[in-house]
Amino acid sequence: MSSSWIRSLSSQKRKFGYGLLHNPLKSSSNSVPQFCIQRHRDLTRIRSFFTISSFSRIGIPSLGRVHGRPISVFHLCILQAARELCTLHDVEPSDTDSCNDASTHLEGSNIDSDGNVATKEARVKYEKPIDFTKVKKNLLPTVILVGRPNVGKSALFNRLIHRREALVYNTPDDHVTRDFRDGIAKLGDVRFRVLDSAGLETAASSGSILDRTAGMTASILARSQFAVFLIDVRAGLHPLDLEVGRWLRKNAPGINIVVVMNKSESLFDGSGSLAAAAAEAYKLGWGDPIAISAETGLGMQDLYVSLKPMLEDYMLDVLNNEQNTDEGNFSDESSCEVEDSKLPLQLAIVGKPNVGKSTLLNTLLQEERVLVGPEAGWLQRTKMEKGPSSLSIVQSRKSLMRAHVVALVLDAEEISKARRSLKHDEVVIARQAIEEGRGLVVIVNKMDLLKEQEICDKVMEAVPQEIQTVIPQVTGIPVVFISALEGRGQAAVMHQVIDTYEKWCTRLSTARLNRWLRKVMSRHSWKDQSAQPKVKYFTQVKARPPTFVAFVSGKKELPDTEVRFLKRSLKEDFDLGGIPIRIMQRNVPRKAANANNKSSSLMPDRIFSDKRTVSA
């Protein structure tokens with residue numbers, strides 16, 4: 001049966017001009033015979049004659065590819081039966097080999113001496129839908145929230161990033177947001193970078209805060225691809241909205257803009273007020289407005305439907321760019337979630353108003369990230385004041401909790417005049433950072449204002465001493481003297497921050513710690529050897545900050561003086577100065593008590609049976 005089938009197969013091949021003598025897989029020639037290429041179209045006509053089902057009946061296994069190339073069913077039979085066939089390198093792939101997300105096009109392919117396909121250039125063409133959760137963060141589209149003050153930009157920003165990051169407070173006559181914030185928005189299965197900007201007032205005087213805010217927003221718009229223009233639907237189309245619209249047409253002519261009517265939860269009553277507000281919003285000239293409520297989440301589905309097609313088209317253009325490759329655009333896991341769970345170094349710059357925090361941040365980032373001006377704090381707060389200022393204090397505490405390293409900024413000019421380094425508020429911040437287990441770096445700014453060298457020397461000598469006196473529980477806190485305005489000390493700040501972070505993440509092996517413990521215990525002078533508890537074992541249980549457990553024999557614990565001695569020895573011997581160290585104690589029962597407990601629990605009293613008694 002099989003021999004007759006092979007003979008009929010050979011006759012079919014001779015009929016269509018295919019011979020069994022040429023095999024490019026073993027031939028030294030890199031070219032395919034011309035007659036094979038000319039007869040390639042004839043081959044497709046007889047594919048229906050040889051089907052996979054017929055091969056399965058005669059015991060021919062099904063193959064899919066040879067040397068990475070898809071081959072037809074007809075070639076499968078010839079390779080299985082004769083093994084000496086003419087193979088074609090340009091057979092079209094079957095429909096089952098297509099991919100839903102991307103289709104690969106090979107350009108400039110040829111066959112080497114071993115029969116492998118050598119591809120000069122491989123290009124991946126992406127198609128919809130796009131999985132935004134696997135796109136790298138730096139490739140995501142950028143959407144900026146713009147509008148006049150107090151229209152709900154910060155509330156929508158918090159809604160999109162799913163946490164209360166931006167300050168939200170009802171201040172119709174004032175501005176709460178001064179600097180822009182950025183985050184990764186999660187709107188359904190769509191991910192994009194969202195920016196929260198300050199309220200725009202185009203009629204602001206030159207050089208004022210509002211004028212500088214508008215300039216910063218314009219620079220951000222130049223780096224954005226989309227904009228969400230928010231208006232307050234309860235107030236109707238305000239004249240400032242029309243001015244902001246004209247400003248956007250002038251400063252952002254090539255950006256896709258979506259008009260959003262915020263605070264519309266009270267207009268869904270069927271009275272037609274929402275339709276009237278939408279008709280009024282058409283005057284802005286950017287198409288159909290979307291009614292939402294950033295506070296309650298109403299209308300977010302409509303915003304998703306409006307943004308997704310535009311974002312997908314943008315991502316297709318980016319991913320199909322010649323400079324991008326499949327390996328560089330996507331990752332195996334969700335990029336946004338992985339980057340959020342494994343955050344890099346988090347630095348919090350804290351201090352009193354007008355000590356140079358914003359100038360220092362701009363100097364470190366080498367860009368105008370936040371507004372800098374002579375105004376001493378945008379939100380003047382008092383003890384009895386509530387509102388945005390109290391919210392800013394709460395937000396500062398949250399930032400302190402999320403930070404890895406805290407940079408406390410001091411004013412060198414105030415130190416020289418007051419003859420003291422830290423005031424009460426600064427001492428509270430420093431102690432709170434230490435209690436929360438964060439690394440602390442003290443930065444003395446505005447050293448350029450100290451004209452006399454003698455005053456500079458006194459300040460540089462007095463500040464470390466006073467800090468050690470005020471915060472005695474942590475020794476070796478680094479102090480850096482800089483001038484953020486002139487850019488002096490920038491490298492020293494980053495060096496100390498990174499060094500503190502590395503110490504904060506230090507892990508020591510148990511064997512090394514126990515060798516260190518024997519040396520420390522031998523050189524320490526105990527007051528009463530018999531009364532002192534003995535540390536039998538010492539190990540590190542976590543880092544960030546370094547936390548150790550001392551296993552102490554007996555029921556007594558180490559006194560505070562001995563714990564401080566161990567902390568000081570750890571910092572000196574392992575160079576862990578400037579970060580908080582935590583030591584916990586666990587009592588280990590003595591061997592005799594432990595042995596008695598084991599014998600009583602594992603060996604119950606023996607009970608004799610009458611059946612096993614032996615008579616004398």
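**Group meeting: sheet, cores and cavities of a predicted model**

Let me begin with the sheet: 6 strands make up an open sheet of mixed pairing, and their order is β6-β7-β5-β8-β9-β10. Its edges are β6 and β10 (290-291), each of which pairs on one side only. I should state at once that this is a predicted model.

At the β10 edge, β9 and β10 are paired in the parallel sense over 2 bridges. One residue to find on the display is Met261, whose bridge partner in β10 is Ala291.

Within the sheet I would also point to Thr142, which lies in strand β5. Is Thr142 buried or exposed? Its relative accessible area is 6%, and because the cut-off for buried is under 20%, Thr142 counts as buried. Beyond its neighbours within four places in sequence, Thr142 is in contact with Arg193, Leu195, Arg223, Ser224, Gln225 and Phe226.

I turn now to the nonpolar cores. As general background, nonpolar side chains in soluble globular proteins tend to be buried together. The largest nonpolar core here has 38 residues, and those that touch the most other members are Ile130, Leu156, Leu160, Leu187, Phe192, Val194 and Leu311. Which elements give two or more residues to this core? They are the strands β5 (142-146), β6 (181-187), β7 (190-196), β8 (226-232) and β9 (256-262), together with the helices α6 (153-161) and α10 (300-319). The greatest contribution is that of α10, with 9 residues.

Ile130 deserves a separate view. Leaving aside its neighbours within four places in sequence, Ile130 is in contact with Val135, Glu312, Met315, Leu316 and Leu319. There is also a second, separate core, of 36 residues, with Leu360, Val409, Val441 and Val480 among its members.

Next, the cavities. How many cavities of 30 Å³ or more does the structure hold? There are 5, and the largest has a volume of about 60 Å³. Its lining consists of Lys352, Asp411, Glu414, Ile415, Ala418, Arg420, Ser421, Lys423 and Glu426. By class, that lining comprises 6 charged, 2 nonpolar and 1 polar residues. Helix α15 (residues 412-418) supplies the largest share of the lining, 3 residues.

Finally, some points of backbone geometry. In general, most residues other than glycine have a negative phi, and most peptide bonds are trans. Three places in this model merit attention on that account.

The first topic is Lys263, which is not a glycine yet has a positive phi of about 60 degrees. Lys263 sits in the loop between β9 and α9 (273-281). With a relative accessibility of 14%, Lys263 counts as buried.

The next is Gln366, a residue other than glycine whose phi is likewise positive, near 60 degrees. Its place is the loop between α13 (357-365) and α14 (388-402). Is Gln366 buried or exposed? Gln366 is exposed, with a relative accessible area of 65%. Lys263, then, is buried, whereas Gln366 is exposed.

The last is a peptide bond. From Arg544 to Pro545 the bond is cis, and its omega is near -5 degrees. Pro545 is located in the loop between β15 (535-542) and β16 (547-553).

That concludes the presentation; I would welcome discussion.

How values were computed:
Residues are numbered from 1 along each chain as its sequence is written. This is a predicted model: local features need pLDDT of at least 70, side-chain atom pairs count only at pLDDT 80 or more; totals for chains, interfaces and linings use all residues. Side-chain values use heavy atoms; hydrogens and water are left out. On a 1 Å grid over the protein atoms alone, a cavity is a set of points where a 1.4 Å probe fits but cannot get out, and a pocket is an open set with protein on both sides within 12 Å along at least five of seven lines; lining residues have an atom within 4 Å of a point. Grid points are joined across faces, edges and corners, and a volume is the space filled by probe spheres set on the points. Helices (H or I, at least four residues) and strands (E, at least two) are DSSP runs, numbered from the N terminus. Ala, Val, Leu, Ile, Met, Phe, Trp, Tyr, Cys and Pro count as nonpolar, Asp, Glu, Lys and Arg as charged, and the others, Gly among them, as polar. A nonpolar core is a set of buried Ala, Val, Leu, Ile, Met, Phe, Trp, Tyr and Cys residues joined through side-chain atoms within 4.5 Å. Buried means under 20% relative accessible area, exposed over 50%, partly exposed in between (1.4 Å probe, protein chains only). Contact means heavy atoms within 4.5 Å. Two strands pair if DSSP finds at least two bridges between them.
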